Every structure is written in C-alpha cells, then in structure tokens.
There are 2 protein chains.
Amino acid sequence: MKVSEEYQPLSLPEKCEETPLRRAIHLLGDTWVLLIVMNLLQGSMRFNALRTKLGHISSKTLSSRLKLLEQLGFVQRLAFLEIPPRVEYHLTAQGRELGDVIAAIEQFGNKHLSDSVVATTREACPVTVEENAAVENVR
Amino acid sequence: MKVSEEYQPLSLPEKCEETPLRRAIHLLGDTWVLLIVMNLLQGSMRFNALRTKLGHISSKTLSSRLKLLEQLGFVQRLAFLEIPPRVEYHLTAQGRELGDVIAAIEQFGNKHLSDSVVATTREACPVTVEENAAVENVR
DNA sequence: CAGGATCCGATCGGATACTG
DNA sequence: CAGTATCCGATCGGATCCTG
C-alpha cells in the first residue's frame with residue numbers, strides 16, 4: 001500500500017506554476033473545480049448532494065477536488081459528529097471571490113457560446129496586410 | 001489513414017455541454033486555451049512564436065487548440081502566401097472578450113495564489129451550527 | 001453517508017519523423 | 001516555417017468494493 005502520495009489532480013506539462021496567473025489558470029483549468037465552486041456559491045452542500053448535482057462525477061474525483069480546494073483555503077469542510085456522518089462544504093470568503101471569475105465566464109458563455117457553437121457569427125473584417133496577400137481557410 | 005476524426009481536444013465526462021455556461025467552463029477548463037488567448041491578447045503571433053512563448057507545448061497540441069479556437073470564432077488564422085510560409089493568429093472581436101475572463105482570473109490569482117499556495121490565510125470564522133458540534137480537520 | 005483503496009480502460013499530450 | 005501523422009507512455013478519472 002502506497003503511503004498516499006499527496007493528491008495532485010491537476011497536472012500541467014511541467015514547471016508552469018511560477019506565476020500566480022499560471023497557478024490560477026492551472027487551478028481553474030479544471031472543469032470540476034469550476035463546477036464545484038459554482039454549486040457551492042449557492043450555499044453549502046453535503047458531499048453526496050454535490051455529487052448528485054454535478055451529475056456524473058466519481059466520489060474519488062469529487063473528494064480529490066474538494067481536498068484541493070480545502071488546502072488552498074477556498075473551501076471549508078465541516079464534519080458533524082453524527083451517525084450517519086454528515087459533512088458540509090462551503091466556500092470561504094476567498095472562495096466566494098471565485099464568483100467573480102465564474103460570473104465572467106458565465107457572461108462570456110451566454111454571449112458567445114449559446115447553442116450555435118460553431119456560430120456563423122464569424123466576423124468578416126477587412127484584413128489589411130503589407131506586401132503579401134493573406135488568405136483564410138487555406139491549409 | 002483515418003479520415004481525420006474531428007478534433008475534440010477537450011473532453012468532459014459525458015453530456016455536460018447543454019448550457020452555455022457548461023460549454024464555457026468546458027472550453028476555458030483547458031490550460032492551453034487560456035494561455036494561448038492570453039498571449040494573443042497582446043497582439044497577433046505566428047505559430048512558432050506562440051509555441052516558444054508557451055514554453056513546452058507540442059505543435060500537435062498547439063495546432064489543435066488553435067483550430068478549436070478558430071472554429072469557435074475566437075481566433076482568426078491568417079496565412080500569407082510566402083515561402084517559407086507565414087501564418088499569423090490573432091483574436092477576433094469575440095476572442096478579445098475573453099480578456100475579461102482572463103482579467104478576472106489574473107486578479108484572482110494575484111490576490112489569492114501569490115506564492116503562499118497553501119496560505120495560512122485560512123479564516124477562522126465562528127461556525128454556528130444547530131444541535132451538533134461540527135469539527136474541522138477531522139477525517 | 002462520506003470517502004479511501006484498487007483496478008483499469010480511455011485519452012490526452014509529448015517526441016519524433018515527414019511534407020508543402 | 002507551419003503544420004500533420006503516428007507511436008506510445010503517463011495520468012486521469014470512472015466503477016467497484018469496503019469501512020467507520
């Protein structure tokens with residue numbers, strides 16, 4: 001049995017975590033993290049409630065993400081001394097600030113990703129190039 | 001030789017793409033996409049320039065992401081009829097709007113992910129729970 | 001109910017080689 | 001230079017079983 005080698009669910013090619021921005025992108029560059037935070041923004045939730053709401057996430061994945069978020073101080077884990085056990089997760093003040101990011105994403109999504117995925121909304125801006133002619137759609 | 005089975009670099013468990021927000025999260029839930037857009041926000045770039053700036057991304061990965069972004073209408077591909085070939089990528093108006101999202105992420109990163117990853121900044125808010133006592137750090 | 005341990009398949013992405 | 005094709009290993013995440 002391995003001695004639990006610290007979870008590191010989010011992997012990036014290599015040494016990309018030097019800057020806060022990279023770290024942020026790294027963290028948010030994970031579907032589950034975003035989705036989890038989204039749900040927690042609406043109030044604290046229990047493990048299985050989250051699990052259900054997220055649809056099809058394995059307990060393994062969910063718990064790893066929650067653990068990560070907890071370590072980073074964005075999520076607070078609250079274990080009740082009951083039987084059966086009850087554990088509630090809720091965002092910390094810091095975590096709630098992720099709301100801004102999510103709001104931005106949501107806004108963006110609504111504006112540019114509504115249904116027409118490969119939208120016909122491609123703009124036809126007059127391309128001005130020096131010297132040579134440039135072409136689109138030429139591979 | 002397979003007949004190019006449509007790139008779909010970003011995978012999500014299953015049918016999660018029903019809503020614009022999910023789609024957005026799905027799209028932005030990718031390190032490279034974010035990173036690429038970041039760089040393009042500062043002006044158009046050529047393929048290899050991007051590649052270099054991103055550090056260690058394979059041409060395969062880079063081109064798949066660019067293709068995706070192009071399909072979605074966020075990036076414009078400009079091929080010059082020269083030899084050696086020159087191709088420039090730049091954001092469309094839509095793509096530039098991703099700047100908002102990135103800004104939000106950057107701000108968040110700077111605020112909460114600067115160096116002290118597992119910050120000691122954990123808040124000690126007084127937890128008020130009904131009936132039972134709740135505990136932290138109890139697994 | 002909350003979650004850890006294991007097994008294991010899917011896939012993503014890097015390295016390399018090749019082309020126009 | 002700007003890619004594409006192929007091979008292939010790393011890993012991520014789902015399913016299952018099990019415990020406190």
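# Exercises on a two-chain model

A:Pro84 is found in the loop between strand E2 (75–80) and strand E3 (86–91) of chain A, where helices (H or I, at least four residues) and strands (E, at least two) are DSSP runs numbered from the N terminus. The model is predicted, so that local features need pLDDT of at least 70 and side-chain atom pairs count only at pLDDT 80 or more, while totals for chains, interfaces and linings use all residues. Residues are numbered from 1 along each chain as its sequence is written, chains are lettered from A and ligands numbered from 1 in the order in which they are written, and side-chain values use heavy atoms, without hydrogens and water.

**Exercise 1.** Determine whether the peptide bond from A:Ile83 to A:Pro84 is cis or trans, and then examine the bond from B:Ile83 to B:Pro84.

*Solution.* Begin with chain A, where the bond leading from A:Ile83 into A:Pro84 has omega near 0° and is cis. Turn next to chain B, where the bond from B:Ile83 to B:Pro84 is cis, again with omega near 0°. Finally, place the second proline: B:Pro84 sits in the loop that links strand E2 (75–80) to strand E3 (86–91) of chain B. For background, most peptide bonds are trans.

**Exercise 2.** Describe the make-up of chain A, starting from its helices and strands.

*Solution.* Counting the elements gives six helices and four strands, and reading them along the sequence gives the pattern α-α-β-α-α-β-β-α-α-β. Of the 139 residues in chain A, 46% are buried, a word that stands for under 20% relative accessible area with a 1.4 Å probe and protein chains only. Taking the contacts (heavy atoms within 4.5 Å) in chain A between residues at least 6 apart in sequence, one finds that 45% join residues at least 24 apart.

**Exercise 3.** Work out how helix H6 of chain A packs with helix H1 of chain B, and which residues meet there.

*Solution.* The axes of H6 (residues 98–112) of chain A and H1 (residues 20–28) of chain B are 8 Å apart, and the packing angle is about 110°, on a scale that runs from 0 to 180 degrees between N-to-C directions. The two helices H6(A) and H1(B) are therefore roughly perpendicular to each other, a label for angles of 65 to 115 degrees. From H6(A) come A:Ile105, A:Glu106, A:Gly109 and A:Asn110, which meet B:Pro20, B:Leu21, B:Ala24, B:Ile25 and B:Leu28 in H1(B). Setting aside neighbours within four places in sequence, the contacts of A:Ile105 include A:Leu34 of its own chain as well as B:Val101.

**Exercise 4.** Locate B:Leu69 and A:His90, and find out whether each is buried or exposed.

*Solution.* Start with B:Leu69, which is placed in helix H4 (residues 59–71) of chain B and is buried, because its relative accessible area is 0%. Although B:Leu69 and B:Val37 are 32 residues apart in sequence, their C-alpha atoms are 9.0 Å apart in space. Not counting residues up to four places away in sequence, B:Leu69 touches B:Val33, B:Ile36, B:Val37, B:Phe74 and B:Val75.

Continue with A:His90, which lies in strand E3 of chain A and is buried, with a relative accessible area of 18%. Beyond four places in sequence, A:His90 touches A:Ser44, A:Phe74, A:Val75, A:Gln76 and A:Leu78.

Key
Angles under 35 degrees count as roughly parallel, over 145 as roughly antiparallel, 65 to 115 as roughly perpendicular and the rest as oblique. Buried means under 20% relative accessible area, exposed over 50%, partly exposed in between (1.4 Å probe, protein chains only).
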